Amino acid sequence: VGQIMSTDVRVARADQPLGELVPLFASTGHHHIPVVDGERRLVGIITQSDLVAALCRQDAEAAAAAQAS
């Protein structure tokens, strides 16, 4: 595995705003990005599907809040 794996890995921070991940996915062509904590330890993986679902939820919540006010 070590001979064929990518070593220049793009990562997302666990506290990173979702909107910052859109260009990261778009520019790299990756479908999965490792998520690291403040000490750069792996804490998870985010997929394009995860990102789209979360952005849709945020948009729906913002629309609901706007209608309520």
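Two strands pair if DSSP finds at least two bridges between them. Strands (E, at least two residues) and helices (H or I, at least four) are DSSP runs, numbered from the N terminus.

The model is predicted: local features need pLDDT of at least 70, side-chain atom pairs count only at pLDDT 80 or more, and totals for chains, interfaces and linings use all residues. Residues are numbered from 1 along each chain as its sequence is written, and side-chain values use heavy atoms, with hydrogens and water left out.

**Exercise 1. Work out the strand order and pairing of the sheet.**

Step 1. Take β1 and β2. They run parallel and are joined by 2 bridges. In this pair, Arg-13 stands opposite Val-36 of β2.

Step 2. Take β2 (residues 32–36) and β3 (residues 42–47). They run antiparallel, with 5 bridges. His-32 faces Thr-47 of β3 as its opposite residue, and Val-36 stands opposite Leu-42.

Step 3. Combine the pairs. The 3 strands make an open sheet, ordered β1-β2-β3, with mixed pairing. β1 (12–13) and β3 are the edge strands, each pairing on one side only.

Step 4. Check the cover of β2. Of its 5 residues, 4 are buried (under 20% relative accessible area; exposed is over 50%, partly exposed in between; 1.4 Å probe, protein chains only).

**Exercise 2. Describe the surroundings of Arg-13.**

Step 1. Place the residue. Arg-13 lies in strand β1.

Step 2. Classify its exposure. Its relative accessibility is 43%, so Arg-13 counts as partly exposed.

Step 3. List its contacts (heavy atoms within 4.5 Å). Setting aside neighbours within four places in sequence, Arg-13 touches Glu-20, Val-35 and Val-36.

Step 4. Add one distance. The C-alpha atoms of Arg-13 and Arg-41 are 9.8 Å apart, with these positions 28 residues apart along the chain counted as their separation.

**Exercise 3. Find what is unusual about the backbone of Arg-40.**

Step 1. Recall the background. Most residues other than glycine have a negative phi.

Step 2. Read the angle. Arg-40 is not a glycine, yet its phi is positive, about 65 degrees.

Step 3. Locate it. Arg-40 sits in the loop between β2 and β3. These strands form a hairpin with 5 residues between them.

Step 4. Check exposure. At a relative accessible area of 59%, Arg-40 is exposed.

**Exercise 4. Characterise the packing of α1 against α2.**

Step 1. Give distance and angle. The axes of α1 and α2 (residues 48–68) come within 11 Å and cross at roughly 145 degrees. Axes are lines fitted to C-alpha atoms, for helices over the stretch in contact; angles run from 0 to 180 degrees between N-to-C directions.

Step 2. Name the contact residues. α1 supplies Leu-21, Val-22 and Phe-25, while α2 supplies Gln-48, Leu-51 and Leu-55.

Step 3. Sort them. The contact has 5 nonpolar residues, 1 polar and no charged.

**Exercise 5. Judge the predictor's confidence along the chain.**

Step 1. Take the mean. pLDDT, the predictor's confidence in each residue from 0 to 100, averages 93 over the chain. 100% of residues reach 70 or more.

Step 2. Compare elements. Helix α1 (residues 21–28) has the lowest mean pLDDT, 91, and β3 the highest, 98.

Terms used. Nonpolar A, V, L, I, M, F, W, Y, C, P; charged D, E, K, R; others polar.
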